[in-house]
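Me: I'm new to reading protein models, and I'd like to learn how to get from a picture to plain statements. Could you walk me through this one?

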Amino acid sequence: MEDGILTAILVATIVAGTPLVIAALGELVTEKSGVLNLGAEGIMAVGAVAAFAAAHHSGSAFAGALAGIAAGALMSLAFAFLTLTLMANQVASGLALSIFGVGLAAFIGKAYQSATLPAVPTLRIPLLAEIPVLGRAIFDQQAVVYLSWLLFAGVAWFLYRSRPGLLLRAIGESPASAHSIGSPVIRIRYLATLFGGAMGGLAGAFLSVFYTPLWTEGMVAGRGWIALALVVFATWRPWRVLLGAYLFGGVMIVQLFVQGSGAELEIPSQFLSSLPYWATIAVLVLISRNVSTIRLNSPASLGEPYRPEA
Amino acid sequence: MRDRLPRLEARAEPSAAMRYASPLIAVALTLAGGLVVFAALGKDPVEGFRVFFLSPLKDAYGIAELLLKATPLMLIAVGLAVGFRANVWNIGAEGQFILGAVAGGGVALFFEGSTSPLLLPLMVVAGAIGGALWASIAAVLRTRFNASEILVSLMLVYIAQLFVSWLVHGPWKDPEGFNFPQTRMFHDAAMLPILFEGTRLNAAFLLALSALLVGYVFIYRSFPGFRMQVAGQSVAAARYAGFSAQRTIWTGLVAGGAMAGIAGMAEVSGPMGQLTEHVSSNYGFAAIIVAFVGRLNPVGIFFASLLMALLYLGGEQAQQYLNLPSSISKVFQGMLLSFLLGADVLVNYRVRWPRAGA
């Protein structure tokens, strides 16, 4: 290949960022409605194992993606029932979902430990993929990567250009006001939570069926939590979610490249592997230290239970 | 249609009885869920139930193992409860546990060969400091930069795991260990004394009981504990009373970190006897469940730890005798917390059943 290392890094960065794009956009919609779902890690893990199992038995990556979406939605339905119908604490319920999901995924996944799937071919767009440097990164990727861009456009349009999106944001700011003008607060929060869960499941499916493609316990490796941090980093704006996700994808890939050529650098691989986690802490600090930025941009009712007076 | 569904009706006062009944409801639902899970997996549910929940307790050795597993859970959960009561969400006890194991184990390796009776106390202190320092990263970033302690303490878990992995693959690896990623075995003076001959139960259990006692006094009988309580119930009230929000965050995180650190130290100088990559069996996360199921109350935490320890042992039994992955424990642990959170609705609401024929 005449492609240089720059192209290779760009291609890999976009792939590594894709599960974060999908999961964080889903969580963004959930949080915009005022619901804080800390279960993303567990949802992704269950999505990953469900997708892997489905793809393994059916031989179809598409069926795998669908199974991931369904599993993620089902997990978030349990969360929604706890927090929206039974008014349980959202932080504790999200943690419960993460612990449960990671455990459930390990349990189900035991049967598939170290099994592999055939690699899913990329969808190469003729001509455009020939563009130097950027061509392969943008026009020779897997279907799910293109889907993640559609998702980005769809979420941005929905939140800021559509009536239901406006309603969803209004509910996230003040559920009581939205209820008083007759909006179905709980129903919309349910839908927003289900959407977030479905996207978390798809992100997990991308990891286990399209990206690696294999199942190992602990393969989600904190990406669910990083997606949550990304939403804060993005100050709840879709385009910054996209930017942040690729930034993180870049950190993950660059450390892998350095590890690959790290024999002469003598940096222990564990230190390089911990870079994405340090980076998460760093961006959280950078964004959060300005208290008013967070207060102005976060949905005002985020994490607070709401029960409409009958 | 709508009138046929049971409806929730707000109680005028939270029900004190339900606060204590709801963990019991959650336990009952988890046990019932266990029967369903075993049946769904094609096992005889009664046999599964017996193997998982009863067989670990069949003899004195089993009881000692239960107390051994409950020890780190008690230690961590009581520390976390201090923070959780004030809405300080330290979710990274797993990482603080690892750093405590590293610090305590480091002391054992550094003073290898010492027979001083001060060695063990020094290791306990080192473990507490290691865990507290790791937690204080989250405290600094929260108090100085407003960064969410939930996400920061969690990221520090992954970093701690990689750090201990580097230690045992690199500088601390046992040179005569056939290249296994582990340190040398600790010598006798660095091992916690066994309480009962023929079991593995060690002095850390007594440490955990004292921690529960100290935790009880701190939470219910001390002024700093009262300040934390006020901060947890109303930030505005705490500010009005002049209680420092910064101090609340520091106290919550350092208490959790120090206790998790002691638990980590007790694990390496107890049942493990050396530092390895897999120093924690998820205790840091399981202890979060223990703290909630125990109602953030040291007495409740005592019983919740025993229950959670039983889930651990049951998982091992299920692997051995039912040929099920031991991660089934985590499934039950997650179920327990979810059921508890769901059952808690009954504290503030009563269920209004539709009248027959209406």
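Reply: Sure! Let's start with a definition: the radius of gyration is taken over C-alpha atoms, and the globule rule is 2.2 Å times the number of residues to the power 0.38. Keep in mind that this is a predicted model.

Me: OK, what radius of gyration would a compact globule with 358 residues have, and what does chain B have?

Reply: The rule puts a compact globule of 358 residues near 21 Å, and chain B comes out at 22 Å, which agrees. Along its principal axes, the C-alpha trace of chain B spans about 80 × 60 × 35 Å.

Me: And how does the radius of gyration of chain A fit the globule rule?

Reply: First the parts: chain A is built with 14 helices and two strands. Its radius of gyration is 20 Å, close to the 19 Å that the rule gives for 310 residues, so chain A is as compact as a globular protein of that length. The C-alpha trace of chain A spans about 65 × 45 × 40 Å along its principal axes.

Me: What helices and strands does chain B have?

Reply: Chain B has 14 helices and two strands.

Me: Next, burial. How many of the residues of helix 11 of chain B are buried?

Reply: The idea is to count neighbours: a residue is buried if 20 or more other C-beta atoms lie within 10 Å of its own. In helix 11 (residues 283–293) of chain B, eleven of the eleven residues pass, so this helix is largely enclosed by the rest of the structure. Among them are Tyr283(B), Phe285(B), Ile288(B) and Phe292(B). Just past the helix, look for Arg295(B), whose phi is positive, near 60°.

Me: What share of each whole chain counts as buried?

Reply: For chain A, 53% of the 310 residues count as buried. For chain B, 53% of the 358 residues do.

Me: Is Arg307(A) buried or partly exposed?

Reply: Arg307(A) is partly exposed, because 16 other C-beta atoms lie within 10 Å. You'll find Arg307(A) in the segment after helix 14 of chain A. Asn89(A) is partly exposed too, with 17 such atoms within 10 Å, and Asn89(A) sits in the loop between helix 3 and helix 4 of chain A.

Me: How far apart are Arg307(A) and Val185(A), in sequence and in space?

Reply: Those are two separate things to check. Arg307(A) and Val185(A) are 122 residues apart in sequence, yet 8.9 Å apart in space, C-alpha to C-alpha. For Asn89(A) and Gly172(A), the gap is 83 residues in sequence and 17 Å in space. You can ask about whole chains as well: among contacts in chain A between residues at least 6 apart in sequence, 79% join residues at least 24 apart. In chain B, that share is 77%.

Me: Let's do helix pairs. At what angle do helix 4 and helix 10 of chain B cross?

Reply: Think of each helix as a line, then ask how close the lines come and at what angle. The axes of helix 4 (residues 93–110) and helix 10 (residues 245–272) of chain B come within 6 Å and cross at roughly 50°. That makes helix 4 of chain B oblique to helix 10 of chain B. Their crossing is right-handed. Residues that meet there include Gly100(B) and Gly104(B) from helix 4, and Gly257(B) and Gly261(B) from helix 10. By class, the contact has twelve nonpolar, nine polar and one charged residue.

Me: Which residues of helix 2 of chain B meet helix 12 of chain B?

Reply: Val51(B), Phe52(B) and Phe53(B) do, and their partners in helix 12 include Leu310(B) and Tyr321(B). The residues of this contact divide into six nonpolar, two polar and no charged. The two axes come within 7 Å and cross at roughly 130°, and the helices are therefore oblique to each other.

Me: Last one: how many residues does each chain bring to the contact between them?

Reply: Chain A brings 39 residues and chain B brings 36. On the side of chain A, helix 4 gives the most, with twelve residues. That side has 28 nonpolar, nine polar and two charged residues.

Conventions. Residues are numbered from 1 along each chain as its sequence is written. Chains are lettered from A and ligands numbered from 1 in the order in which they are written. This is a predicted model: local features need pLDDT of at least 70, side-chain atom pairs count only at pLDDT 80 or more; totals for chains, interfaces and linings use all residues. Axes are lines fitted to C-alpha atoms, for helices over the stretch in contact, and angles run from 0 to 180 degrees between N-to-C directions. Helices (H or I, at least four residues) and strands (E, at least two) are DSSP runs, numbered from the N terminus. Angles under 35 degrees count as roughly parallel, over 145 as roughly antiparallel, 65 to 115 as roughly perpendicular and the rest as oblique. A crossing is left-handed if the near helix is turned anticlockwise from the far one by less than a right angle, and right-handed if clockwise. Two residues are in contact if their C-beta atoms, placed from the backbone, lie within 7 Å. Ala, Val, Leu, Ile, Met, Phe, Trp, Tyr, Cys and Pro count as nonpolar, Asp, Glu, Lys and Arg as charged, and the others, Gly among them, as polar. A residue is buried if 20 or more other C-beta atoms lie within 10 Å of its own, exposed if 12 or fewer, and partly exposed in between; C-beta atoms are placed from the backbone.
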